[in-house]
Amino acid sequence: RPQEAPPTPVGEGEHAILAVVNDEVLTRRDVEKYLALEPGYLDLSQKLAGAELEAQRAVYRKEYLRGFVEERLLVQIARKQGLGVEDSDRDALRRQMEWWIKPYGSQARLEQELQKAGLSLDELQRREADRILVSKLQSHVLADVDWVGPAEVRAFFDGLAAHTIAGGGT
């Protein structure tokens, strides 16, 4: 079973540990650099201001961290099951990268924005490859299931009992 998250990060600043997924440590920087590219997070500053903006950002960061931890756990499980991103997945990865480039108009402009967030194009490609891996895991798990109900969901998560998650707030 996943461990309960501690109420606060361990450490300070960008190196504060927000979560540990098995042996993978997630720091504030790990989360914030991807969060800086999230349209929903960026849109908050267009709609809100002051204390309301900060409160909504805190809620968004918490939900984003939860999803990021789940993604990292699923990537680890997929790798343990021998799944990987194959040559046949390269088209999907290319389409994902094109999706990222489109709003910026060019790969060079995307790279500039990534650099502002503390990311490289290679890091973004690895993240997208991990998302493809998660999708493959989900397809693999559900391949023989005609319908997913509460029992199947419980069985899936009970199968994660050997994995440990610890995490904190942002």
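**Figure 1. E71 is buried in the predicted model.** At a relative accessibility of 11%, E71 counts as buried, because the cut-off for burial is under 20%. The model shown here, and in every view below, is predicted. E71 belongs to helix α3, which covers residues 50-80. Leaving aside residues up to four places away in sequence, E71 touches R127, R131 and V134.

**Figure 2. Y34 and F68 form a tilted aromatic pair.** The structure holds four aromatic pairs. In the one formed by Y34 and F68, the ring centres lie 5.9 Å apart, with 40° between the planes. An angle of 40° is neither under 30 degrees nor over 60, so the pair counts as tilted. The pair links distant parts of the chain. Y34 sits in helix α1 (residues 28-35) and F68 in helix α3, 34 residues apart. Y34 is buried, at 11% relative accessibility. F68 is buried too, at 4%.

**Figure 3. W99 and W100 pair edge-to-face.** The ring centres of W99 and W100 are 5.3 Å apart. Their planes meet at 85°, so this pair is edge-to-face. Are the two partners buried or exposed? W99 is exposed, with a relative accessible area of 52%. W100 counts as buried, at 7% relative accessibility.

**Figure 4. Ring pairs join Y34, Y64 and F68 into a cluster.** Y34 and F68 are the tilted pair of Figure 2. Y64 is also a member of this cluster. A charged residue adds to the view: R127 lies over the face of Y34. The distance from R127 to the ring centre is 4.6 Å. R127 also appears in Figure 1, as one of the residues that E71 touches.

**Figure 5. N22 has a positive phi.** Where is N22 placed? N22 is in the loop between β1 (17-21) and β2 (24-27). Its phi is about 55°, although N22 is not a glycine. Most residues other than glycine have a negative phi. N22 is partly exposed, with a relative accessible area of 24%. That value is not under 20%, so N22 does not count as buried, and it is not over 50%, so N22 does not count as exposed.

Conventions:
Residues are numbered from 1 along each chain as its sequence is written. This is a predicted model: local features need pLDDT of at least 70, side-chain atom pairs count only at pLDDT 80 or more; totals for chains, interfaces and linings use all residues. Side-chain values use heavy atoms; hydrogens and water are left out. Helices (H or I, at least four residues) and strands (E, at least two) are DSSP runs, numbered from the N terminus. Buried means under 20% relative accessible area, exposed over 50%, partly exposed in between (1.4 Å probe, protein chains only). Contact means heavy atoms within 4.5 Å. Rings of Phe, Tyr and Trp (its six-membered ring) pair if their centres lie within 6.5 Å; planes under 30 degrees apart count as stacked, over 60 as edge-to-face and the rest as tilted. A charge sits over a ring if NZ of Lys or CZ of Arg is within 6 Å of the ring centre and within 35 degrees of the ring normal.
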